Amino acid sequence: MNYVIDTPEGTRDRLFSECRDRRAVQDALTRLFAARGYDEICTPEMEYYDLFVQSGNPIPQESMLKIIDRSGRIMVMRPDCTTPIARVAATKLRDAPLPQRLYYNETVFRSGVAHRGGSSEIAQCGVELLGAGDMEADVEVIALAAEALRATTKHGFHIELGHAGLFRDMAAQLDMPQADVERMRGLIEGKSYAALGDLLAPYGGHPAARFLSRLSGLFGGQAVLEEAEALVGVREELRYLKTLYEKLSALGYGSEIGFDLGLVHQIEYYTGVIFRGYTTGAGAPVVSGGRYDNLLGAFGRSAPAIGFAVDVDAVAGCRPLEAGDDRLRIALTKGRLQEQTVELFERVGLDCTPVRKPGRRLVHPLPNYPLDAVLAKAPDVITYVEHGVCDLGVVGKDTILEHGSPFYEVLDLGFGRCRFALAVQEGTDFYGTYQTRRIATKYPNVARRFFKEKGMDVEIIRIEGSVELAPLLGLADGIVDIVETGATLRANGLVPIEDVAPVSARLVVNTASMKLKRAQITDLIEKCKRGLELISG
């Protein structure tokens, strides 16, 4: 009998120094939390799935690892520590006096995207302050998050504050379908400026729409609050953030704290202040937290609450700084997008000779600007930017739609324009049947989402070569593919019957890099904008 001796995808063995690095972070955090009066709590690694449905937890069910117990009930490997702690506080600790200060040092389990390098086992240390709803509680917890990062990070850190009420109240002022509100939330969180502008264009005259269209860019120092007030006037949420910042500054954290009013992704879960923490060497936030005053009420004990979690492995695994880390690094999609990006850069005076004559080198420093270029295939651009080894990337929207966008999509570069389209053999009545249609495509995720929105059941077949061949051989009823001129379709007797999505080159930015290297990245974005104006003008 053959036995499987490797580990499941998303898990791995940790040996020797890696164990010591992880334990050092955990020990530093648990000592800090205990010294600040927080008591440790441990919850089971398995919980009933119903617990997270009842709580309104924002983690999607497809990210939860599920098990069926002997009675047939669905259980999940703990995807989050906060919800089980709320369950305990509302049951076993129901009669305990408030506030309660609790900390945990546990592993959460989430199903990641295959072959993206993410872990399904995430070591977290965090705190929950239950039963305290005033500003002093927010100051206590955010200051503790800052101390946690001071105690464990190697190269400094940055914390950004937002407020759930801003987006919620402004979105409510627009007569916008709920599906569009959800889409807007994702565009704001992803800093997809162009797409957000298009979505809000029909509401352009409304003050709330003007504010929401700017929300993605409202991050940085105290000037962010002044800019927000200029757009919507003095609001309670903005006054709250200003006072909160002043109190944190008085405690010595002012230089390490800023604002991002576009923290809106889990807005239904959070009820007040939201915050994220970043450190050099980690490609994603290493701290995530906020106020969630409605969670305990879902289990029968209404009480305000605030907390945060530290991603232990992300902190422990921060790579050391190396020579040249103060420079930006950009991944360019090889081929036509690379050539057009180089032309764009040269329009604004960047010397791209090393990129035009790469030789055998893999990283190409520009001689007159602090930027290193890496040439890569399109899916690899996304991988490099997601993991933070490249600060920026230039990639087609087709690749983003197919592989996801765990980064900020900050600029539509305009070149490489084409479109996704549904095409069928000429004379085919594609929609005039109840039969399940078979679709051939190189982009199964794009096709699946398109037909799901239509409410159609289709069978999707992935094709790596000439997808136009599938209908000719009777393998498929239609194709979803990129169309530029339509010449190849016509040559093979196919006609596009519906557009799926527009495609063009996009400038994308790693989430942590945007916060830690904002001035440098903003300068490059402005250069790109000027270059586009010169090309079009």
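**A guided tour of the nine-stranded sheet, helix 6 and a cavity**

Begin with the sheet: nine strands form an open sheet with mixed pairing, and their order is 1-5-6-12-11-10-7-9-8. Select strand 1 (39-40) and strand 8 (219-220) to see the two edges, where each strand pairs on one side only. Please keep in mind throughout that this is a predicted model.

**The edge at strand 8**

Keep strand 8 selected and add strand 9 (residues 257-260). The two strands run antiparallel and are joined by two bridges. Within this pair, Phe219 stands opposite Asp260 of strand 9.

**Strand 6 and its two partners**

Next, select strand 6 (residues 121-130). Is this strand enclosed or open to the outside? Nine of its ten residues are buried, so strand 6 is largely enclosed by the rest of the structure.

Now add a partner, strand 5 (residues 100-109). Strand 5 and strand 6 pair in the antiparallel sense over ten bridges. Show the side chains of Asn105 and Cys125, which are bridge partners.

Then select strand 12 (residues 305-311), which also pairs with strand 6. This pairing is antiparallel and consists of seven bridges. Find Gln124 here, which stands opposite Asp311 in strand 12.

**Helix 6**

Leave the sheet and select helix 6 (residues 178-189). How far apart are its end C-alpha atoms? They lie 17 Å apart; at 1.5 Å a residue, the twelve residues should span 16 Å, so the two values agree.

Display the side chains of Val181, Met184, Arg185, Leu187, Ile188 and Glu189, which are buried in helix 6. To see what covers these buried residues, add helix 5 (164-172), helix 7, helix 8 (207-214) and strand 17, which are among the covering elements. After helix 6, move on to Lys191, a residue with a positive phi near 50°.

**The cavity**

The last stop is an internal space. How many cavities of 30 Å³ or more does a search of the whole structure find? The search finds one. The largest cavity holds about 30 Å³ of space.

Select its lining: Ser192, Tyr193, Ala194, Ala195, Glu409, Val410, Leu411, Asp412 and Arg506. Helix 7 (193-200) and strand 17 (408-412) are the elements that each give two or more residues to this lining. Strand 17 gives the most, with four residues. Colour the lining by class to finish: five residues are nonpolar, one is polar and three are charged.

Key
Residues numbered from 1 in each chain as written. Predicted model: local features only at pLDDT ≥ 70, side-chain atom pairs only at ≥ 80, totals over all residues. Heavy atoms only, no water. 1 Å grid on protein atoms, 1.4 Å probe; cavity = no way out; pocket = protein on both sides within 12 Å on 5 of 7 lines; lining within 4 Å. Points joined across faces, edges and corners; volume = space filled by probe spheres on them. Nonpolar A, V, L, I, M, F, W, Y, C, P; charged D, E, K, R; others polar. Expected span 1.5 Å × (residues − 1). Buried < 20%, exposed > 50% of the residue type's maximum accessible area, 1.4 Å probe, protein only. Contact = heavy atoms within 4.5 Å. Pairing = 2+ DSSP bridges.
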